Amino acid sequence: MDFPTATLEELIAKLQEHGLSSNDLVQTALAKVKEFYVNDERRNKDPVLEGHLYPVVMYVIEHQEFMHQRATPELVAGALTHDLIEDKIHDQLFISIFGEVLYGIVKPVTTPDIKISSRDWRHAKNMERFSVLETAPEESRIIKLADRLHNMFCIDNPYLLNRYILEAEEFYLPFAQRHSLYFYERIRQRVKELRAMRP
């Protein structure tokens, strides 16, 4: 099964359209994610960069185009680095590399550290996640929706399929309806496609 990917060349071309290809913050984010993820793969063996991070950036830029707005350096850098705190580096190192402003965008996208040992753990995590995102910077909300949309196109087992449908219906669609018509429509359409994929 082929999942949506984006090459660095495709990403740079899109960044050039928005005048961001030589921006210092964007260049730092591109260099650091390449450093940290250069050998990392997703479950389907796609490289993390081309198989997730670059496509998420493309989605947030498409969102801005839909809104007739230019993508900002902070939005692009946030999309590139949205998994770094969760996967690779601690908060203080992130701040020392990227600064407090980008940290304030990326931290709300990071999976909450919920201390609960029950089958309700995932639900509690989502309740906390969306409580934080409601008051987070707009860039955080856009990035989280882009991240989930891409993951909804990268489902490789029935458990994930059902989980993503349920989470979309309970959390992501109501959230997107309040904050992004673009992602609301795209996630709603993807849910329909996933329902049709059920065995």
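Buried here means under 20% relative accessible area, exposed means over 50%, and partly exposed lies in between, with a 1.4 Å probe and protein chains only. Helices are DSSP runs of H or I with at least four residues, strands are runs of E with at least two, and both are numbered from the N terminus. With those two terms in hand, let us start at helix α8. Its buried residues are K125, N126, R129, F130 and L133. Seen down the axis of α8, these residues fall within an arc of 120°, so they line one face of the helix; the arc is that of the directions from the helix axis to the C-beta atoms.

A word on the model before going on. This is a predicted model, in which local features need pLDDT of at least 70 and side-chain atom pairs count only at pLDDT 80 or more, while totals for chains, interfaces and linings use all residues. Residues are numbered from 1 along each chain as its sequence is written, and side-chain values use heavy atoms, with hydrogens and water left out.

Back to α8, which runs over residues 121-134 and has 14 residues. From first C-alpha to last, α8 reaches 20 Å, close to the 20 Å expected at 1.5 Å a residue; the expected span is 1.5 Å times one less than the number of residues. What do the buried residues of α8 pack against? Their partners are α9 and α10, where contact means heavy atoms within 4.5 Å.

One of those buried residues, F130, brings us to the aromatic rings. Rings of Phe, Tyr and Trp (its six-membered ring) pair if their centres lie within 6.5 Å; planes under 30 degrees apart count as stacked, over 60 as edge-to-face and the rest as tilted. By this rule the count comes to seven aromatic pairs. The rings of F130 and Y172 have their centres 4.9 Å apart and their planes at 85°, so this pair is edge-to-face. The pair links distant parts of the chain, with F130 in helix α8 and Y172 in helix α10, 42 residues apart. Both F130 and Y172 are buried, and ring pairs link F130, F171, Y172 and F175 into a cluster.

Another pair is formed by F94 and Y103. Their ring centres are 6.3 Å apart and their planes stand at 55°, so the pair is tilted. F94 is buried, and so is Y103. F94 also leads us into the largest nonpolar core, which has 63 residues. Such a core is a set of buried Ala, Val, Leu, Ile, Met, Phe, Trp, Tyr and Cys residues joined through side-chain atoms within 4.5 Å. The residues with the most contacts inside this core are V76, L80, F94, F183 and I187. Leaving out residues up to four places away in sequence, F94 touches T81, L84, I85, I89, G99, L102, Y103 and V106.

T81, one of these neighbours, is found in the loop between α4 and α5. Is T81 buried or exposed? With a relative accessible area of 0%, T81 is buried. Beyond four places in sequence, T81 touches A29, V33, F94, F98, L102 and V106.

A29 and V33 take us to helix α2, where L25, V26, A29, L30, V33 and Y37 are buried. They cover an arc of only 135° around the axis, which puts them on the same side of α2. What covers the buried residues of α2 includes α1 (8-17), α3 (48-66), α4 (73-80), α5 (84-87), α6 (91-98) and α7 (100-106).

Now for some residues outside the helices. K45 lies in the loop between α2 and α3, and its phi is near 80°, a positive value in a residue other than glycine. H68, in the loop between α3 and α4, has a positive phi of about 60° although it is not a glycine. K45 is exposed, with a relative accessible area of 57%, and H68 is exposed with 76%. As background, most residues other than glycine have a negative phi.

In the loop between α9 (138-152) and α10 (158-179) we meet I155, which counts as buried at 4% relative accessibility. I155 and R43 are 112 residues apart in sequence and 9.8 Å apart in space, C-alpha to C-alpha. Our last stop is T5, found in the segment before α1 and partly exposed, with a relative accessible area of 47%. The C-alpha atoms of T5 and H150 are separated by 9.3 Å, with their positions 145 residues apart along the chain.
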